[in-house]
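Work through the exercises below with the sequence and the coordinates at hand. Each task is followed by a solution in steps.

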Amino acid sequence: MSRLVPTAEMTLGPFFPREFAAGLNDLARGAAGEAIEITGRVLQADGRPLEHLVVEIWQADAQGRFDNPAFHGWGRAATDAAGIYVFRTIKPGACEGRAPHINFLLLYSGLMRQLQTVMYFDDTRDPVLEAVKAGGERLIAARQGEGRYRFDIRLRGEGETPFFDDG
């Protein structure tokens, strides 16, 4: 049996130009709270980076509120040729029943669905971390210094980042 190869007509769009995410990765500007930088790489199953993947984040403010009109809590960045993304934001506070975290959404032409995951700052009690038995450690960012965190995302294969259904 021969294997069929997908063509451009079969991939999921839209196809995102680099400008789609330009200038939307700085949430910290004018926001109250501890300024932080989050960077990471997005890798495929074989370890190769993905360029032009769109990473969106949404988060609570420093007091754990998602409804603060002075902090919109949403940003977007595109990965570069090395698969690297960067966000400048504030460290979120804990919202009711949850540890401080940042939600991630990945969009890429050819992905058949949006991928959603979450990043934590440390291994703490949280219902999502407790529900992800194996692999929960891959949801915890590595501290890289004062106010700097690294959160790498692997789409498939060994060391895959846990993703969550949106339905």
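A residue counts as buried when its relative accessible area is under 20%, as exposed when it is over 50%, and as partly exposed in between. The model used here is predicted.

**Exercise 1. A salt bridge between strands**

Task: Find the salt bridge partner of glutamate 56 and state whether each of the two residues is buried or exposed.

Solution.
Step 1. Glutamate 56 pairs with arginine 76, and their closest N and O atoms are 2.7 Å apart. A salt bridge requires a side-chain nitrogen of Lys or Arg within 4 Å of a carboxyl oxygen of Asp or Glu, so this pair qualifies.
Step 2. The two residues are 20 residues apart, glutamate 56 in strand β2 and arginine 76 in strand β3, and the pair thus links distant parts of the chain.
Step 3. Glutamate 56 has a relative accessible area of 9% and is therefore buried. Arginine 76 is also classed as buried, because its value is 13%.

**Exercise 2. Two further salt bridges**

Task: For arginine 125 and arginine 143, name the salt bridge partner and classify the residues involved.

Solution.
Step 1. The structure holds 10 salt bridges. One of them joins arginine 125 to glutamate 130, at 3.5 Å from N to O.
Step 2. Arginine 125 has a relative accessible area of 68%, so it is exposed. Glutamate 130, at 38%, is partly exposed.
Step 3. Arginine 143 meets glutamate 146 at 3.7 Å, N to O.
Step 4. Arginine 143 is partly exposed because its relative accessible area is 48%, while glutamate 146 reaches 69% and is exposed.

**Exercise 3. The four-stranded sheet**

Task: Give the strand order of the open sheet, and identify its edge strands.

Solution.
Step 1. The order is β3-β2-β5-β6, with antiparallel pairing.
Step 2. β3 (74-78) and β6 (115-120) are the edge strands, since each pairs on one side only.
Step 3. From one strand to the next, the twist averages 25°.
Step 4. Strand β5 (residues 101-107) is joined to β6 by six bridges. Within this pairing, phenylalanine 104 stands opposite threonine 117 of β6.

**Exercise 4. Asparagine 103 and its contacts**

Task: Which residues does asparagine 103 touch, leaving aside those up to four places away in sequence?

Solution.
Step 1. Asparagine 103 belongs to strand β5. Its relative accessibility is 14%, so it counts as buried.
Step 2. The contacts are Glu56, Ile57, Trp58, Phe66, Thr117 and Val118.
Step 3. Of these, Trp58 is found in strand β2 (residues 54-59). At 31% relative accessibility, tryptophan 58 counts as partly exposed.
Step 4. Trp58 and Phe66 also belong to a nonpolar surface patch with Leu24 and Trp74; the accessible area of the patch is about 350 Å².

**Exercise 5. Pairs distant in sequence**

Task: How far apart in space are the C-alpha atoms of glycine 147 and glutamate 37, and those of aspartate 165 and glutamine 116?

Solution.
Step 1. Glycine 147 lies in the loop between β7 (142-145) and β8 (148-150). The C-alpha atoms of glycine 147 and glutamate 37 are 6.3 Å apart, with the two positions 110 residues apart in sequence numbering.
Step 2. Glycine 147 touches Glu34, Ala35, Ile36 and Glu37, not counting residues up to four places away. With a relative accessible area of 10%, glycine 147 is buried.
Step 3. Aspartate 165, in the segment after β9 (153-154), is 49 residues from glutamine 116 in sequence and 7.2 Å from it, C-alpha to C-alpha. Aspartate 165 is exposed, because its relative accessible area is 69%.

Key. Residues are numbered from 1 along each chain as its sequence is written. This is a predicted model: local features need pLDDT of at least 70, side-chain atom pairs count only at pLDDT 80 or more; totals for chains, interfaces and linings use all residues. Side-chain values use heavy atoms; hydrogens and water are left out. Patches are made of residues with over 30% relative accessible area and no salt bridge: like charges are joined within 9 Å, nonpolar side chains (Val, Leu, Ile, Met, Phe, Trp, Tyr) within 5 Å. Accessible areas come from the Shrake-Rupley method with a 1.4 Å probe; for residues, only the protein chains shown count as cover. Buried means under 20% relative accessible area, exposed over 50%, partly exposed in between (1.4 Å probe, protein chains only). Two strands pair if DSSP finds at least two bridges between them. Axes are lines fitted to C-alpha atoms, for helices over the stretch in contact, and angles run from 0 to 180 degrees between N-to-C directions. Contact means heavy atoms within 4.5 Å.
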